[in-house]
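Visitor: I would like a close look at a single part of this model, starting from one loop and following the chain of neighbours from there. Could you walk me through it slowly, residue by residue where that helps?

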Amino acid sequence: MFLFRNATVVTMDDAHTVLTGADVLVIGETIAGIGTGLTAPEGATVIDASGGILMPGMIDTHRHMWQTAMRGYGADWSLTQYFVWYYLEHGKTFRPEDVYAGNLLAALEAIDAGVTTTVDWSHGLQTTQHADAAVDALQAVPGRFVLAYGNIQQGPWEWSAAPEFRDFVARRFTPGDDMLGFQMAFDVTGDPAFPEKAAFEVARELGVSVTTHAGVWGATNDDGIRLMHEHKFMTPGTVYVHAATLNDDSYQRIAATGGSVSVSTESEQSAGQGYPPTWALRRHGIPVSLSMDTSVWWSGDLFSAMRTTLGADRSREHLEAHARSETVTNVHLRAEQVVDWATRGGSRALGLDAKVGSLEVGKKADIVLLRNESSPVMFPVLNPYGHVAFQAQRGDVEAVLVNGRIVKRDHKLVDVDLAAARTAVENTIDHLRSTMGEQAWVKGMNPDVPEAKVTDNPYTYTEYDAGSAEWKH
């Protein structure tokens, strides 16, 4: 039992109720009480949350966890370089133990940052041995996860038809298990023959949802959406990742069939899938969740996702207004809305909204306490939504509960063997470097810089010598 005392409670319930000086009581796996002056049951652990923010655990609906052992390696990649590295060249060298190492590190990273539910968009599962390793890692960490099974080395109509795939699903997943869920993860290229149809049929037979990279510049397009719709494979449980380059007709098909979009703003901005589409999704009334994509490039937390999503949406709104010689006087996308996307958006997308995503009596106790008495950034808390979206960061996550279990306390993960995770990751890096060779390893991390030319300046009629700080005429 846990009793959080005297917090600003951002419930994210349907009314978006915010309580000040309030308590939250957890008994077993569930939230048993929310209010002021709650009585602590005998044996309850009381946690002083004064000056802090209590919020629901955040939910990431698209994270390639198997790639986390290579954190930051592709910081200067384009999307093309990512595809070549993982799809065509070195992604094939990942062993089951490498998938395990990446998943383990990613799972720890997620709960450390207050992300209590993560979709492992696991498209590196070349064999079911890789898949078993992925699940083993997820179950070694006290978080809530969804394995989205994929294999970039085969077409989905191939791997989904293999008897060992069906055996894996039967062995590792229990319908209704809200701690370990299952999706199928594959993309639809727009090929008129629609070879992905067979994989959709397997998903339908298994009763699981599909998550797909849609509207990615140069990879997936409106034809894929049209084919899915014409064959009646667009469902309320379908999650469309990125959806950044679609036309109005495709957005209307998504909206009409009840699907949702996982927006990865850092990814879309940096890799070039298309401009982050929240402006279009709002216009069509399409539900949104947030995701961080992959730590091989970007930050592994949803604070960054919220912040960059607000910035990208507002930037576009201002630029479009300026092009009309107008000024935006009231921005449309608010901090409150992106906090909703980071919590309820994810729970709705995953069909878990009755259990997680908000702090309400009877729901599972996935709770994050933001408080950092050593930081001048964590006071005053005047606008709780603005504070979560623009001010807080992973270092301000003081405590995390998942399913009523304390997994982080006093800014430190609880009962976690970081040394073992470090060793597993080091072994993976050693394997990749030795397999690739040092020259290829270094080259992969440092792609060529395109030639750039400084624009001719017609006003340059004198020479300024910066060293002598004198003008030369």
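Guide: Happily! Let's start at Asp14, which lies in the loop between β1 (2-10) and β2 (18-27). Before going further, please keep in mind that this is a predicted model. Asp14 has a relative accessibility of 69%, and it counts as exposed because the cut-off for that class is over 50%. If you want a sense of scale from here, go to Glu451: its C-alpha atom is separated from that of Asp14 by 52 Å, with the two positions 437 residues apart along the chain.

The loop between β1 and β2 also holds His16. If you look at backbone torsions, His16 deserves a pause, since its phi is positive, about 55 degrees, although the residue is not a glycine.

Now step from the loop into strand β1, where you find Thr8. With 15% relative accessibility, Thr8 counts as buried, because that class covers values under 20%. Who are its neighbours? Setting aside residues within four places in sequence, Thr8 is in contact with Val18, Leu19 and Thr20, with Gly52, Ile53 and Leu54, and with Pro384.

Pro384 is our way into helix α14 (residues 384-391), because Pro384 is one of its buried residues. The others that are buried in α14 are Tyr385, Gly386, His387, Val388 and Ala389. Since six of the eight residues of this helix are buried, α14 is largely enclosed by the rest of the structure. What does the covering? The cover over the buried residues of α14 includes the strands β1, β2, β5 (53-56) and β14 (367-370), together with the helices α11 and α12.

On the way into α14 there is a backbone detail to check. Pro380 sits in the loop between β14 and α14, and the peptide bond from Phe379 to Pro380 is cis, with omega near -5 degrees.

Let's follow the cover to helix α12 (residues 335-342). This helix is also largely enclosed by the rest of the structure, because six of its eight residues are buried. They are Ala335, Val338, Val339, Asp340, Trp341 and Ala342.

How does α12 sit against α11? The axis of α11 (residues 302-323) comes within 10 Å of the axis of α12, and the two cross at roughly 135 degrees. The two helices are therefore oblique to each other. The crossing in which α11 passes α12 is right-handed. On the α11 side, the contact is made by Leu302, Met306, Thr309, Leu310 and Arg314, and on the α12 side by Ala335, Val338, Val339, Trp341 and Ala342. By residue class, this contact of α11 with α12 has eight nonpolar residues, one polar and one charged.

Met306 ties several of these pieces together. Apart from neighbours within four places in sequence, Met306 is in contact with Val338, Val339 and Ala342, with Val388 and Ala389, and with Met58 and Leu290. You have already met Val338, Val339 and Ala342 among the buried residues of α12, and Val388 and Ala389 among those of α14.

Widening the view, the largest nonpolar core has 105 residues, and Met306 is listed with Tyr86, Leu147 and Leu370 as having the most contacts inside it. Helix α2 (residues 96-112) gives this core its largest share, nine residues. There is also a second, separate core of 18 residues, and Val9, Ile31, Ala399 and Leu401 are among its members.

Back on α11, another residue gives a contrast with the buried ones. Leu319 lies in α11, and at 56% relative accessibility Leu319 counts as exposed, because the class begins over 50%. From Leu319 to His90, the C-alpha to C-alpha separation is 40 Å, and the two are 229 residues apart in sequence.

To finish, here is one more residue for your torsion checks. His411 is placed in the loop between β16 (405-409) and β17 (412-413). His411 has a positive phi of about 70 degrees although the residue is not a glycine. Its relative accessibility is 31%, so His411 counts as partly exposed.

Terms used. Residues numbered from 1 in each chain as written. Predicted model: local features only at pLDDT ≥ 70, side-chain atom pairs only at ≥ 80, totals over all residues. Heavy atoms only, no water. Buried < 20%, exposed > 50% of the residue type's maximum accessible area, 1.4 Å probe, protein only. Helix = DSSP H or I, 4+ residues; strand = E, 2+ residues; numbered from the N terminus. Axes fitted to C-alpha atoms, helices over the stretch in contact; angles between N-to-C directions. Parallel < 35°, antiparallel > 145°, perpendicular 65-115°, else oblique. Left-handed = near helix turned anticlockwise from the far one by under 90°. Contact = heavy atoms within 4.5 Å. Nonpolar A, V, L, I, M, F, W, Y, C, P; charged D, E, K, R; others polar. Core = buried A, V, L, I, M, F, W, Y, C linked by side-chain atoms within 4.5 Å.
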